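Please look through the sequence and the structure below, and then follow the account from one helix outward to the core and the chain as a whole.

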Amino acid sequence: MIKVVIQSENGMHARPASQIVSACNAYESEIFINHQDTQANARSIMNLLGLGISKGDEVEVVADGPDADEAEQAIAKILGEAHD
Amino acid sequence: MFKKLFQKSVTEYKNPILGTVIPLEEVPDQVFSQKMVGDGFAIIPSDGKVYAPVNGEIIQIFPTKHAIGILDENGIEVLIHFGIDTVELKGENFEAFIQKGDKITVGQLLLEVDINFVIGKGKSIVTPIVFTNKSQYKSIEIHTGEKAVGDVVCTLK
C-alpha cells in the first residue's frame, strides 16, 4: 500500500483518470485507490471520477495479485505527478 | 457490483443536447478521440441545456458540474462531459438540476451551461458522451448530423 498526495491542479478529472485506467492495463493485479471511506477500482473511470479528489488530498493505492508491488508503484507515480 | 436482472441486448440513446452529433474521433482532445475513456459520440451544442439520454441513476456529478455519470437501466455507464478542459472553469455558469443518487428519466433536464461564457473563456464546447464500461457492450452505432433533443442518436449492442 502506498500513500500519495494528489498534485494534479484540477484533481482527478478525465485526463488523469484515463491515464490511470490505461496504466492499469499493464498489470494483472486488482488495483484500488482509496480516499477516506471510499474505494475505487482503478480500472473503472467512473469509479475514479466518483472519488471527487482534489489537489492536496491524500489517497492510498492498494493492489492485490502477482504484480501488486509494480502496479502500486506505477499508479502512485501517476497520481503524484502534476499533469495539467 | 451491478446485477443485471433483465439485460436488453440493444440500448438506444436519445440526443441529450440540441446540436450536431459528430464521431468521437473528431473531438479535439485525445483522451476522448482515442477512446481512452470508452466509445461513444460527441455533440457540438447549439444550446446549453443537457437532457437525460436514457433512464437511469446519477452515479457521479463532478463538483465543477461539467461532467455527469449515469448508470443506465441496462447497466451501461454513461459519462456526459460538457466541453473540453471545462473542469478549469470551476463550475462558473454551470447549473445542475440533479445530484448523485437521483433517479432520472429520459428527457429530464440535468444541466444548463452558458455556452457563450464557455466559448468566451476559450474552451471548446464539444461535448463527448462516452460509455465507460467497455466490457458491457460489443458494438456501437451512431447517427451524425444536426439533431433535435430526443432524436435517437446512438445504439449499443
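In this predicted model, helix H1 of chain A is mostly covered, with eight of its eleven residues counted as buried. Those buried residues are A:Ala14, A:Pro16, A:Ala17, A:Ser18, A:Ile20, A:Val21, A:Ala23 and A:Cys24. In an α-helix there are 3.6 residues to a turn, so residues three or four places apart point the same way. What lies over the buried residues of H1 of chain A includes E2, H2 and H3 of chain A, and chain B takes part as well through its H1 and its strand E7 (77-81).

One residue of this helix can serve as a guide to the interior. If neighbours within four places in sequence are left aside, A:Ile20 is in contact with A:Met12, A:Ile33, A:Ala42, A:Leu48, A:Ile75, A:Ile78 and A:Leu79. A:Ile20 also belongs to the largest nonpolar core, which has 42 residues, and there it is among the residues that touch the most other members, together with A:Ile31, A:Ile33, A:Leu48, A:Ile75, A:Leu79 and B:Phe32. The elements that give two or more residues to this core are, in chain A, helix H1 (14-24), strand E2 (30-35), helix H2 (45-50), strand E4 (58-64) and helix H3 (68-79), and, in chain B, helix H1 (30-33). Separate from it is a second core of 32 residues, which includes B:Val78, B:Ile104, B:Phe117 and B:Val153.

Strand E4 of chain A also holds A:Glu58, which counts as partly exposed because its relative accessibility is 46%, a value between the 20% limit for buried and the 50% limit for exposed. Apart from residues up to four places away in sequence, A:Glu58 touches A:Lys3, A:Val4, A:Val5 and A:His35. From A:Glu58 to A:Gln36 the separation is 22 residues in sequence, while their C-alpha atoms are 8.5 Å apart in space.

How are these elements arranged along chain A as a whole? Read from the N terminus, the order is β-α-β-β-α-β-α, which comprises three helices and four strands. The radius of gyration of chain A is 11 Å, close to the 12 Å that the globule rule gives for 84 residues, so the chain is as compact as a globular protein of that length. Of the contacts in chain A with a separation of 6 or more, 68% are between residues 24 or more positions apart, and 49% of its 84 residues count as buried. Chain A exposes about 3,900 Å², of which carbon and sulfur atoms supply 40%.

How values were computed. Residues are numbered from 1 along each chain as its sequence is written. Chains are lettered from A and ligands numbered from 1 in the order in which they are written. This is a predicted model: local features need pLDDT of at least 70, side-chain atom pairs count only at pLDDT 80 or more; totals for chains, interfaces and linings use all residues. Side-chain values use heavy atoms; hydrogens and water are left out. The radius of gyration is taken over C-alpha atoms; the globule rule is 2.2 Å times the number of residues to the power 0.38. Buried means under 20% relative accessible area, exposed over 50%, partly exposed in between (1.4 Å probe, protein chains only). Contact means heavy atoms within 4.5 Å. Accessible areas come from the Shrake-Rupley method with a 1.4 Å probe; for residues, only the protein chains shown count as cover. A nonpolar core is a set of buried Ala, Val, Leu, Ile, Met, Phe, Trp, Tyr and Cys residues joined through side-chain atoms within 4.5 Å.
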